[in-house]
There are 2 protein chains.
Amino acid sequence: MKPPLRIAIAGLGTVGAGTVKLLQQNAELLAARAGRPLLVTAVAARHRGRDRGVDLEAVRWFADAAALGRDPEVDVVVELIGGSDGIAREVVAGAIAAGKHVVTANKALIAHHGTALARAAEARGVALLFEAAVAGGIPILKTLREGLAANNVTRIYGILNGTCNYILTAMRETGRDFVEALKEAQELGYAEADPSFDIDGVDAAHKLAVLAAVAFGSAVDFAGVHVEGIRHVSALDVDFAAELGYRIKLLGLARLTRDGLEQRVHACMVPRSTPIAHVDGVFNAIVVEGDFVGRIMLEGRGAGAQPTASAVVADLLDIAVGRWSSTFTVPASALEARPSSPMARHVGAYYLRLMVVDRPGVIADVAAALRDEQVSMEQMIQRGRRPGEAVPVVLTTHETEEAAMRRAIARIDRLDSVLEPTRMIRVENL
Amino acid sequence: MKPPLRIAIAGLGTVGAGTVKLLQQNAELLAARAGRPLLVTAVAARHRGRDRGVDLEAVRWFADAAALGRDPEVDVVVELIGGSDGIAREVVAGAIAAGKHVVTANKALIAHHGTALARAAEARGVALLFEAAVAGGIPILKTLREGLAANNVTRIYGILNGTCNYILTAMRETGRDFVEALKEAQELGYAEADPSFDIDGVDAAHKLAVLAAVAFGSAVDFAGVHVEGIRHVSALDVDFAAELGYRIKLLGLARLTRDGLEQRVHACMVPRSTPIAHVDGVFNAIVVEGDFVGRIMLEGRGAGAQPTASAVVADLLDIAVGRWSSTFTVPASALEARPSSPMARHVGAYYLRLMVVDRPGVIADVAAALRDEQVSMEQMIQRGRRPGEAVPVVLTTHETEEAAMRRAIARIDRLDSVLEPTRMIRVENL
């Protein structure tokens, strides 16, 4: 058997402790599969004393994660600290510079600095792998980079944030409004005390930027992602979605258009008949459309210590066996810096919900606003009748350009009989 | 750029032609990803003249596939002839003996001779890869072997035959009976003129035997698979399944029990709430349950020239890059020859459909037969009343051992008031 792979782990939070646990619990299996032992030889964490449920007696401790990253007795550094800059970035850059392989679960770091770090890793001839950064235990990056590598990817989309999916699922199943469902998610530990990173779509956008780079061979472009969250999704919208045959999901979607790379994260109405509509609760799923393979969907747990550890250790196995290859499918130097396809040019169908005064002529005014911007209505629902009072009116459009849709919404919102800003949700007929 | 990978293709049926088409159409992409061109330099097929929609002008032709397999000007042989023995086996064994890498889509060959061929390949230091043999375009073998390699797999199951899934989906959606749905599948090209290989479960069993070997590090054991098909599934059963909250799917399932390796292919009732229940038509799906990752599902097209070519070329890319590793996750010499867990020891829930004479005392007799074998009933439905005539009675059981269930069915079938052999479908509460 070959000599052990010496692993240093920077950061012993839940994922760090889970990774150590996996490496210890499945040590025999891993050694058989790698042809060599995978050994944790050093760790860095702020608090040494804390009980993490794993045996770290024989392991060297570093208070300074950056020093750990440069340690000569280590083959690979696992960065599980988090954050796009600061110490996490320093550990990763330092380890690469010191000629060590790096595995990280840090989506923010890769979304912001992935291209530069991949270039540095390639220049030093070391691996930079981050399967755990996207969709937790789902091996989507390996699938894109290797399993589906024969294909031109035509589109990729997915449910990339378990917190949002849990909230939207709870809203649908219980009829609750957003605020209540969020509160429940927080009580269950599925949402943070400050949930904005998840519910405003930033976390999903980090993951989408990484996915798009791997799928399309583009330089990672987080700034180019159009990001919206789910705060504006109301129980009323969830109801109307069901009535129209849709479910509401926060999706990240990316594809190449004639204008460049389109990357967007926002709430979507998806047909109930499409597989991703049935991915509920904290589960994540990613759909890849390839020119030969057609549609492939991967579903699984997108977060949690154990699924994330599964992905981290899969990367370590690839390094142990020596079967790692380019970080982003092609060499980092060959990544294309594509322009970001502007959202104003996006073409799609739309759901609009208006709150209007129930009186004659309102629908005619709304229809005229749409007509004036060449937006073609597909269907319209006005539920109930309360003459003189506020009622919701819902409509869906045929495919139209986003810029025209926005102009039409601005016209609608200027109408006297329209009482609140119109709510818009994009319809994705996947 | 490194020298080209020289590829020989044995068999130019739809998958062979699709593979050549992919290699030509996406040549630039593949070269960028592999760091070297992937070139088809030789082919073997019986009929040279036939138009296959691909350019084979510059390629050397062999009438004898076995000679192609030994050709010194070739790095890798792709076997797309099919069949567990005969020429396909000869080509693969010959290519390995001649020191060439082998890629094959031949599930029957691997199900019957996988362990021996993998040993031969390892002894010669060449790759033997067969991603396309299981579930077409879905990269499930790479996922098991690499993406989820940090896990002990606790169970694996899936929809492995698109023909059966198409038929069962059509039965549910249209209310048709099996024979009519099969006829439609044949007209659409989803079923062969002689469909027995698919509808009797043999094709799914080949795939399951391969999956189980990769998932559990067991020697491939096709003979150990318990195989049933879907001929006995009636429109009535499909209806009752819906009423009970289930859908009927032909699944292949494998897990380790205290008795050994359990491998079974048969029609199952699966709860409508489980993701695999929503995989319809010709799509395949595989669920892997791992000790750290939890439940992962992969869904996609399980057959067809283009998805299969996607899998074949993914294997070729792995060979071109040099990132292939053990055929079955661990070295072939380390595969364990586990005993086959006997079906009589299987523990699960069951659905029974009886055709009985509608008269007092029938249900009491049936209940007594179950009680006498310690089988505990969960629910019972008798729909409609037609005194003195034949009516269906349906019941489901709590978990019980298969041997006891079979004894109880034998008792039931001996009752005077039971008019036809009882139909049994296993319930999988996934």
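Where in chain B is the place of Gln374(B)? The legends below take us there, after a look at the whole pair.

**View 1. Two copies in a predicted model.** Everything shown here comes from a predicted model. Its scores are an ipTM of 0.95 and a pTM of 0.96. In chain A the average pLDDT is 95, and 100% of the residues score at least 70. To lay chain B over chain A, turn it by 180° with 0.0 Å of shift along the axis; the RMSD is then 0.0 Å. Such a relation is that of a two-fold axis. Both copies use the same surface, since 100% of the contact residues of chain B recur in chain A.

**View 2. Where chain B touches chain A.** Here we look at the contact, to which chain B brings 45 residues and chain A brings 45 residues. On the side of chain B that touches chain A, the elements giving two or more residues are α2, α6, β12 and α12 of chain B. The most comes from α12(B), with 9 residues. Sorted by class, this side of chain B has 23 nonpolar, 14 polar and 8 charged residues.

**View 3. Strand β12(B) and its partners.** This strand covers residues 294-301 of chain B, and 6 of its 8 residues are buried. Within chain B, strand β11 (residues 283-290) is joined to β12(B) by 8 bridges, and the two run antiparallel. A hairpin links β11(B) to β12(B) through 3 residues. You can pick out one pair here: Val287(B) has Met297(B) as its bridge partner. Now look across to the other chain. Strand β12 (residues 294-301) of chain A is joined to β12(B) by 3 bridges, again in an antiparallel arrangement. Leu298(A) has Leu298(B) as its bridge partner, and Met297(A) is paired with Glu299(B).

**View 4. Helix α1 of chain A and what covers it.** Helix α1(A) takes in residues 14-25; at 1.5 Å a residue, its 12 residues should span 16 Å, and the end C-alpha atoms are indeed 16 Å apart. Its buried residues are Val15(A), Gly16(A), Ala17(A), Gly18(A), Thr19(A), Val20(A), Leu22(A) and Leu23(A). Which elements cover them? The cover includes the strands β1 (5-10), β2 (38-44) and β4 (76-79), together with the helices α2 (27-34) and α12 (305-321), of chain A.

**View 5. Helix α1 of chain B.** Turn to residues 14-25 of chain B, where the 12 residues of the helix should span 16 Å at 1.5 Å a residue, in agreement with end C-alpha atoms that are 16 Å apart. Among the buried residues of α1(B) are Val15(B), Thr19(B) and Leu23(B). Elements of chain B that cover the buried residues include β1 (5-10) and α12 (305-321).

**View 6. Two loop residues with positive phi.** Most residues other than glycine have a negative phi. Ala135(B) is a residue other than glycine with a positive phi, near 60°. You will find Ala135(B) in the loop between β6 (128-129) and α6 (140-147) of chain B. Is Ala135(B) buried or exposed? Ala135(B) counts as buried because 32 C-beta neighbours lie inside 10 Å. Gln374(B) is not a glycine either, yet its phi is positive, at about 65°. As for the opening question, Gln374(B) sits in the loop between α13 (362-372) and β14 (377-382) of chain B. Gln374(B) has 11 C-beta neighbours inside 10 Å, so it counts as exposed.

Terms used: Residues are numbered from 1 along each chain as its sequence is written. Chains are lettered from A and ligands numbered from 1 in the order in which they are written. This is a predicted model: local features need pLDDT of at least 70, side-chain atom pairs count only at pLDDT 80 or more; totals for chains, interfaces and linings use all residues. Helices (H or I, at least four residues) and strands (E, at least two) are DSSP runs, numbered from the N terminus. A residue is buried if 20 or more other C-beta atoms lie within 10 Å of its own, exposed if 12 or fewer, and partly exposed in between; C-beta atoms are placed from the backbone. Copies are superposed by least squares on the C-alpha atoms of residues with pLDDT of at least 70 in both. Two residues are in contact if their C-beta atoms, placed from the backbone, lie within 7 Å. pLDDT is the predictor's confidence in each residue, from 0 to 100. The expected span of a helix is 1.5 Å times one less than its number of residues. Two strands pair if DSSP finds at least two bridges between them. Ala, Val, Leu, Ile, Met, Phe, Trp, Tyr, Cys and Pro count as nonpolar, Asp, Glu, Lys and Arg as charged, and the others, Gly among them, as polar.
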